[in-house]
Amino acid sequence: MTNVSQIGRPRRWWAVANGMLAQYRNYSDFSPSESFDLLLFTVKPVPEDAAAFCLVSPSYNFGLHTSSAEEKAQWVSAISSSISKQLN
């Protein structure tokens, strides 16, 4: 679980597991406040910010900001891998 902020929103904790993206209000929460099926999302870069990316679906558009470009790359890799595993 990593502390990633939605652009323009309070910081939240996020985790990727079993094809789902889970959002937690606090690090100590045991249950996510929301969960999203990653098969519905596409990862889009944010060209003007090396540490940001968007997750876009027909129903949601999340702008997420990490602490670094390296952390962003880890998130994009984890999300892409999770989607790929669901498709195979």
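**Group meeting talk: a hairpin, a core and a ring cluster**

Let me start at a turn: in the hairpin of β2 and β3, two residues sit between the strands, and Asn-18 takes a positive phi near 55° there. Please keep in mind throughout that this is a predicted model. Asn-18 belongs to the loop between β2 (11-17) and β3 (20-24), and a positive phi is what we see here in a residue other than glycine. Is Asn-18 buried or exposed? With a relative accessible area of 79%, Asn-18 is exposed. The two strands on either side pair in the antiparallel sense, over five bridges. One of the pairings to look at is Val-16, whose bridge partner in β3 is Leu-21. Hold on to Leu-21, please, as that residue comes back in the core.

Now let's step back to the whole chain. The chain has one helix and seven strands, and if you read along the sequence, the pattern is β-β-β-β-β-β-β-α. Of the 88 residues, 35% are buried. As for contacts between residues at least 6 apart in sequence, 31% of them join residues at least 24 apart.

On to a second hairpin. Strands β5 (residues 42-45) and β6 (residues 52-56) also form a hairpin, this one with six residues between them. Their pairing is antiparallel and runs over four bridges. If you would like a place to put your cursor, try Pro-45, which stands opposite Phe-53 in β6.

Phe-53 leads us inside, as it is part of the largest nonpolar core. That core has 12 residues: Trp-14, Leu-21, Phe-36, Leu-38, Phe-41, Phe-53, Leu-55, Phe-62, Leu-64, Trp-75, Ile-79 and Ile-83. Which elements give two or more residues to this core? They are β6, β7 (61-65) and α1 (69-87). The largest share, three residues, comes from α1. As general background, nonpolar side chains in soluble globular proteins tend to be buried together.

Several of those core names are aromatic, so let's turn to the rings. A search of the whole structure finds eight aromatic pairs. Take Phe-36 and Phe-41: their pair is edge-to-face, at 6.2 Å centre to centre and with 85° between the planes. Both of these residues are buried, and for Phe-41 the relative accessible area is 6%.

Phe-41 has another ring partner, Tyr-60. Why does that pair count as stacked? The centres of the two rings are 6.4 Å apart and the planes are at 25°, under the 30 degrees that stacking asks for, so the pair is stacked. The location is nice too: Phe-41 lies in the loop between β4 (34-37) and β5, while Tyr-60 lies in the loop between β6 and β7, so the pair ties together parts that are 19 residues apart in sequence. In contrast to buried Phe-41, Tyr-60 is partly exposed, at 38% relative accessibility. Putting the rings together, Trp-14, Phe-36, Phe-41, Tyr-60 and Phe-62 form one aromatic cluster.

My last stop is the helix, and the residue I'd like you to look at is Lys-72, found in α1. Lys-72 is buried, yet has no salt bridge. How far away is the nearest side chain of opposite charge? That side chain is Asp-49, and it is 7.2 Å away. A salt bridge would need a side-chain nitrogen within 4 Å of a carboxyl oxygen. Leaving aside neighbours within four places in sequence, what is Lys-72 in contact with? The list is Asp-49, Ala-50, Ala-51, Ala-52, Phe-53 and Thr-66. So Phe-53, a member of the core we met earlier, turns up here as well.

Two other residues of α1 deserve a quick look. Glu-70 lies in this helix and counts as exposed, at 57% relative accessibility. The C-alpha atoms of Glu-70 and Ala-50 are separated by 9.0 Å, with the two residues 20 apart along the chain. Ala-73 is also placed in α1, and at 46% relative accessibility Ala-73 counts as partly exposed. The C-alpha atoms of Ala-73 and Ala-52 are separated by 9.6 Å, and these residues are 21 apart along the chain.

That's my tour; thanks for listening, everyone!

Notes
Residues numbered from 1 in each chain as written. Predicted model: local features only at pLDDT ≥ 70, side-chain atom pairs only at ≥ 80, totals over all residues. Heavy atoms only, no water. Pairing = 2+ DSSP bridges. Core = buried A, V, L, I, M, F, W, Y, C linked by side-chain atoms within 4.5 Å. Buried < 20%, exposed > 50% of the residue type's maximum accessible area, 1.4 Å probe, protein only. Lys, Arg positive; Asp, Glu negative; His and termini not counted. Contact = heavy atoms within 4.5 Å. Phe/Tyr/Trp six-rings, centres within 6.5 Å; stacked < 30°, edge-to-face > 60°.
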